[in-house]
Amino acid sequence: RLIIYLDKLTSTMDIAHILAEKGYPHGTVIVAEEQTQGRGRFERKWYSPKGGLWFSIILRSKDLLIQSSFLGIIIGVSVLEVLEKFLKDIELNFKWPNDIEYNGKKVAGILIESIYEKELKYIIVGVGINLLVDPNDIKDLKAFSLRDYITTYDKNIVLIEVLEKLETNLNGFPHNWKEIFNFYKNKFPYIGKGVFIRNKNQKAKVIDMTEDGGIVLLTDNKVQKYEWGGVSLEF
Ligand code: BTN
């Protein structure tokens, strides 16, 4: 497996795109100690100080056939399965579509960028985990560092395990979907709770999740389904 470790860069996403364009193979990973222009979904900034686990993976070949909702959930589940193994005293959960959080504060985020040229050419998956970040560094953000709850100080062990778990889970798809989906849904504590639909400025209630990771909301006595990541919600 090709893993490129870099000290400080703009964003592992940028480097991964450059290397993917140059033909670097499926599974290439770029890791950085620190990012100066880390980015998140919806063009948000992603603060990436030292101590975090920040990496991007180039995906080609058969995995490209996986729809991004399945892919996003498979990545989220792989990350959480591994984090759980190394955690003591706390339990993490998902916030739809695939943030990982503790007590409503963000622990990890996933960014998927797909490049098309007539057809899908490659996908860059970015994963950011506030693993060993100094909690003081992020105390003003709605973020949470695992530093004081993790049983290893070796970020690389966590990275390797995530990559292995992801490979197993991707190779097992679609047969393992039920299992993956159940893990995901079981760690989604928002069913029955109120949410806010950002672009509509509207309150809603989460009533269920669909088998492919979509969300079912109730607004003004109307039931509405959104596909995975298809709407921006405030929980
Ligand atoms: C989100 O929750 O909005 C997604 C956050 C993704 C952050 C990771 S850190 C590694 C990779 N490089 C980036 O610039 N972003 C992703």
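1. Strand 6 (105–117) contributes five residues to the lining of the largest pocket, the most of any element. The model is a predicted one, and the pocket described here is a feature of that prediction.

2. The largest pocket holds about 840 Å³ of space. Its lining counts 41 residues, and those closest to the centre are Arg44, Lys45, Trp46, Asp99 and Lys106.

3. Besides strand 6, several elements supply at least two residues each to this lining: helix 1 (12–21), strand 3, strand 5 (99–102), strand 7 (119–129) and strand 12 (233–234). Strand 3 (53–59) also appears among the packing partners of helix 3, to which the remaining points turn.

4. Helix 3 covers residues 155–171, 17 in number. From first C-alpha to last it reaches 24 Å, close to the 24 Å expected at 1.5 Å a residue.

5. At the N-terminal end of helix 3, Asp154 acts as a cap. One of its side-chain oxygens lies 2.9 Å from the backbone nitrogen of Asn156.

6. Which residues of helix 3 are buried? They are Lys155, Val158, Leu159, Val162, Leu163, Leu166, Asn169 and Leu170. Viewed down the helix axis, the buried residues of helix 3 fall within an arc of 135°, so they line one face. An α-helix has 3.6 residues a turn, so positions three or four places apart point the same way. Thr168 and Asn171, on the other side of helix 3, are exposed.

7. The buried residues of helix 3 pack against three strands and two helices: strand 1 (3–9), strand 2 (29–35) and strand 3 (53–59), together with helix 2 (68–85) and helix 4 (177–186).

Notes: Residues are numbered from 1 along each chain as its sequence is written. This is a predicted model: local features need pLDDT of at least 70, side-chain atom pairs count only at pLDDT 80 or more; totals for chains, interfaces and linings use all residues. Side-chain values use heavy atoms; hydrogens and water are left out. Helices (H or I, at least four residues) and strands (E, at least two) are DSSP runs, numbered from the N terminus. The expected span of a helix is 1.5 Å times one less than its number of residues. Buried means under 20% relative accessible area, exposed over 50%, partly exposed in between (1.4 Å probe, protein chains only). The arc is that of the directions from the helix axis to the C-beta atoms. Contact means heavy atoms within 4.5 Å. A polar contact is a pair of N or O atoms within 3.5 Å; within protein, one must be able to donate a hydrogen and the other to accept it, and residues adjacent in sequence count only if both atoms are side-chain atoms. On a 1 Å grid over the protein atoms alone, a cavity is a set of points where a 1.4 Å probe fits but cannot get out, and a pocket is an open set with protein on both sides within 12 Å along at least five of seven lines; lining residues have an atom within 4 Å of a point. Grid points are joined across faces, edges and corners, and a volume is the space filled by probe spheres set on the points.
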